[in-house]
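Hello,

Here is the structure I said I would pass on. Please have a look at it first, and then read my notes below.

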Amino acid sequence: MKTPDPQLRQELLDTKYKPYEDAFNQNDAAAVAALYTEDAVLLPPETGPVYGREAIEKWYADLFTQYHASNFIGRPDQYSPHIIGTRGNELWSNGDWSVTLKAKTGDSIQLKGKWSCIYVREGNAWKAQMHIWNVTPEPAPPA
């Protein structure tokens with residue numbers, strides 16, 4: 001696998017991954033949604049697609065109403081990101097994530113999984129155009 005451009009990787013760490021972590025940990029749906037394109041699609045597990053930044057903001061707002069998120073970490077794998085095409089304004093990235101969600105009932109759950117995004121450059125910023133993730137199931141108890 002080809003090693004990614006270190007400058008591009010650092011740019012995404014500073015302008016995409018870290019701001020997403022910060023907004024998610026602040027339970028700020030508007031700040032999370034601002035990181036997506038106007039016509040983005042969100043593909044959360046166990047639900048249908050969520051189309052457009054406005055609907056994505058509502059989806060995150062609903063999540064943050066049900067749960068208080070903390071300790072969110074989303075890191076790209078060692079080979080991300082990957083430029084798509086020759087123009088240099090589209091890329092894909094993937095990696096691992098984990099989060100603690102505290103329900104209004106007081107119960108906390110720890111979730112983790114894998115994610116993948118397609119980003120496009122809008123002006124000087126990379127915006128997520130497609131975002132999908134899974135949740136890694138807990139291991140089965142020994143028999």
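**Two residues of helix α1, then the whole chain**

Ala23 sits in helix α1. Please keep in mind that this is a predicted model, and that the values in this email are computed from it.

Is Ala23 buried or exposed? The relative accessibility of Ala23 is 4%. Buried means under 20% relative accessible area, so Ala23 counts as buried.

Which residues does Ala23 touch, if its neighbours within four places in sequence are left aside? They are Asp28, Ala31 and Val32. There is also a distance for Ala23 and Leu35: these two are 12 residues apart along the chain, and their C-alpha atoms are separated by 9.6 Å.

The other residue I looked at is Glu21, which is also part of helix α1, and this helix covers residues 6-25. Glu21 has a relative accessible area of 5%. With the limit for buried at under 20%, Glu21 is therefore buried.

What does the side chain of Glu21 reach? It reaches the backbone nitrogen of Gly74, at 3.0 Å. Gly74 appears again in the list of contacts: leaving aside neighbours within four places in sequence, Glu21 is in contact with Phe72, Ile73, Gly74 and Arg75.

Now for the chain as a whole. It contains three helices and seven strands. Read from the N terminus, the order of these elements is α-α-β-β-α-β-β-β-β-β. The radius of gyration of the chain is 16 Å, and the globule rule gives 15 Å for 143 residues; the two values are close, so the chain is as compact as a globular protein of that length. Along its principal axes, the C-alpha trace spans about 50 × 40 × 25 Å.

How much of the chain is buried? Of the 143 residues, 37% are buried, and Ala23 and Glu21 are among them. As for contacts with a separation of 6 or more, 55% of them are accounted for by residues 24 or more positions apart.

The last two points concern surface and charge. The accessible surface of the chain is about 8,500 Å², and carbon and sulfur atoms hold 54% of it. The chain carries 14 positive and 18 negative side chains, and the centres of these two sets are 3 Å apart.

A good way to start is to find Glu21 and Gly74 in the model and look at the contact between them.

Best wishes

Conventions: Residues are numbered from 1 along each chain as its sequence is written. This is a predicted model: local features need pLDDT of at least 70, side-chain atom pairs count only at pLDDT 80 or more; totals for chains, interfaces and linings use all residues. Side-chain values use heavy atoms; hydrogens and water are left out. Helices (H or I, at least four residues) and strands (E, at least two) are DSSP runs, numbered from the N terminus. The radius of gyration is taken over C-alpha atoms; the globule rule is 2.2 Å times the number of residues to the power 0.38. Buried means under 20% relative accessible area, exposed over 50%, partly exposed in between (1.4 Å probe, protein chains only). Contact means heavy atoms within 4.5 Å. Accessible areas come from the Shrake-Rupley method with a 1.4 Å probe; for residues, only the protein chains shown count as cover. Lys and Arg count as positive and Asp and Glu as negative; His and the chain ends are not counted. The place of a charge is taken as NZ of Lys, CZ of Arg, CG of Asp or CD of Glu. A polar contact is a pair of N or O atoms within 3.5 Å; within protein, one must be able to donate a hydrogen and the other to accept it, and residues adjacent in sequence count only if both atoms are side-chain atoms.
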